[in-house]
Amino acid sequence: MKILAINPGSTSTKVALFENTTALFNVTLNHPVSTLFGFRSVIEQRQFRQRAILNVLKHHDIALADIDHFVGRGGLVRPLKSGVYRINDAYLDDAAIGLNGEHASNLGGILAHDLAQSVRKDAVAYTVDPVVVDEYDDIARLSGVPEISRVRSFHPLNQKAVARRYAKERECDYDSLNLIVAHLGGGISVGAHRKGKVVDVNAALGGDGPFSPERSGGVPPLALIDMCYSGQYSYDEMYRKIIGEGGVYAYLGTKDMRVVENLVDAGDKEAEQVLSAMALQIAKEIGACAAVLNGEVDGVILTGGIAHSRFIVEKIRERIHFLTPNFIVFAGEDEMQAMAEGVYDALSNKTRAVLDY
């Protein structure tokens, strides 16, 4: 079974081909920001990104007809339970309009569908654990403002993947564990996993939680309101302060955590303070998830690109070690593998159901 996985990011498109669950190749295409600025919206990038994917397949001498199944990262569609979903017309419509916001992930299912349809018209494409997975406890939905729900997007695909990996390595069932999983990347989400469900998590793309390389995280709301109504900033400028130009970038002028860690190693005190503050906020969010789980924590897992940082990992470990002896680091992200495994397990092993959107 050949499975093509597609994961569009803000300035990149990841493309991977799997034989069952073994990667034959895994490529990251970096798109010039100047090129992407030429598009007025994410959906307008559809043909551009499709051509880029086809070029990758051509380079690897793979014909579309050689591929059995196509899967794309799920976008900001309507909230869904965790699972493997068929891409249908309703999904395509919601992703195209950005039902819950505009993000490059909206293109994942669309591109998978387009490529599947180019092979044969009755072909079905899939998505796995979209960014809008909603398994919240009912009381976790309330924000304090009735018009605003705490349910927002996070990183369920990678969080679920590493949680299942942890369970598998310990020869137990993910559904039997209480875990806290922190995805540390351009955005940071920390989820409380109770018996196989993410029952609470910060809104990583909604401005909530720890600050990250490019996002402000939760900031004092009254001060933020004052800035919004000061007359000094437009809506777009304020949006970028929260998402895109907040967090580490706002303090140090870079989103590259390798650069920041090199500054720390060179004795830069400001860089050390910023990284220490980010680690503190992540640790506080992990502590909050422990409260959600009533202190019954089987393991804490750090994942995502920033989990490669020894400085960040040790700063977090120092603060949360008392929660559980099981402190695990799965650095990087397993999203491509997770998509392929989801489709393979649903269609071959039948261990996961294929759901209708």
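## Helix α2, the sheet and the cores

In this predicted model, helix α2 is followed by Asp-61, whose phi is positive, near 60°. The helix itself covers residues 46-59, 14 residues in number. At 1.5 Å a residue it should span 20 Å, and its end C-alpha atoms are 20 Å apart, so the two values agree.

Which residues of α2 are buried? They are Phe-48, Arg-49, Gln-50, Ala-52, Ile-53, Val-56 and Leu-57. An α-helix has 3.6 residues a turn, so residues three or four places apart point the same way. The buried residues of α2 pack against three strands, β1, β2 and β3, and against the helices α1 and α4. The table places these partners in the chain.

| Element packed against by α2 | Residues |
|---|---|
| β1 | 2-8 |
| β2 | 12-19 |
| α1 | 33-36 |
| α4 | 106-119 |

The strands β1, β2 and β3 also belong to an open sheet of seven strands. Its order is β3-β2-β1-β4-β6-β5-β12, and the pairing is mixed. At the edges stand β3 (22-30) and β12 (354-356), each of which pairs on one side only. Direction ignored, neighbouring strands of this sheet are turned by 30° against each other on average. Strands of a sheet pair through backbone hydrogen bonds, either parallel or antiparallel. Within this sheet, β5 (residues 84-86) and β6 run antiparallel and are joined by three bridges. Val-84 has Val-128 in β6 as its bridge partner.

In soluble globular proteins, nonpolar side chains tend to be buried together. The largest nonpolar core here has 37 residues, and Leu-4, Ile-67 and Phe-70 have the most contacts inside it. The elements giving two or more residues to this core are β1, β2, β3, α2, α3 (89-97) and α4. The most comes from α4, which gives six residues. Leaving aside neighbours within four places in sequence, Leu-4 is in contact with ten residues listed by name, including Ile-53, Leu-57, Ile-67, Phe-70 and Leu-115. Another core, of 35 residues, lies apart from the largest one; Val-190, Val-248, Val-300 and Leu-323 are among its residues.

Is His-155, in the loop between β6 (125-128) and α5 (156-169), buried or exposed? His-155 counts as buried because its relative accessibility is 9%, and the cut-off for buried is under 20%. Beyond its neighbours within four places in sequence, His-155 is in contact with Arg-73, His-183, Gly-187, Ile-188, Ser-189 and Ala-204.

Key: Residues numbered from 1 in each chain as written. Predicted model: local features only at pLDDT ≥ 70, side-chain atom pairs only at ≥ 80, totals over all residues. Heavy atoms only, no water. Buried < 20%, exposed > 50% of the residue type's maximum accessible area, 1.4 Å probe, protein only. Contact = heavy atoms within 4.5 Å. Pairing = 2+ DSSP bridges. Helix = DSSP H or I, 4+ residues; strand = E, 2+ residues; numbered from the N terminus. Axes fitted to C-alpha atoms, helices over the stretch in contact; angles between N-to-C directions. Expected span 1.5 Å × (residues − 1). Core = buried A, V, L, I, M, F, W, Y, C linked by side-chain atoms within 4.5 Å.
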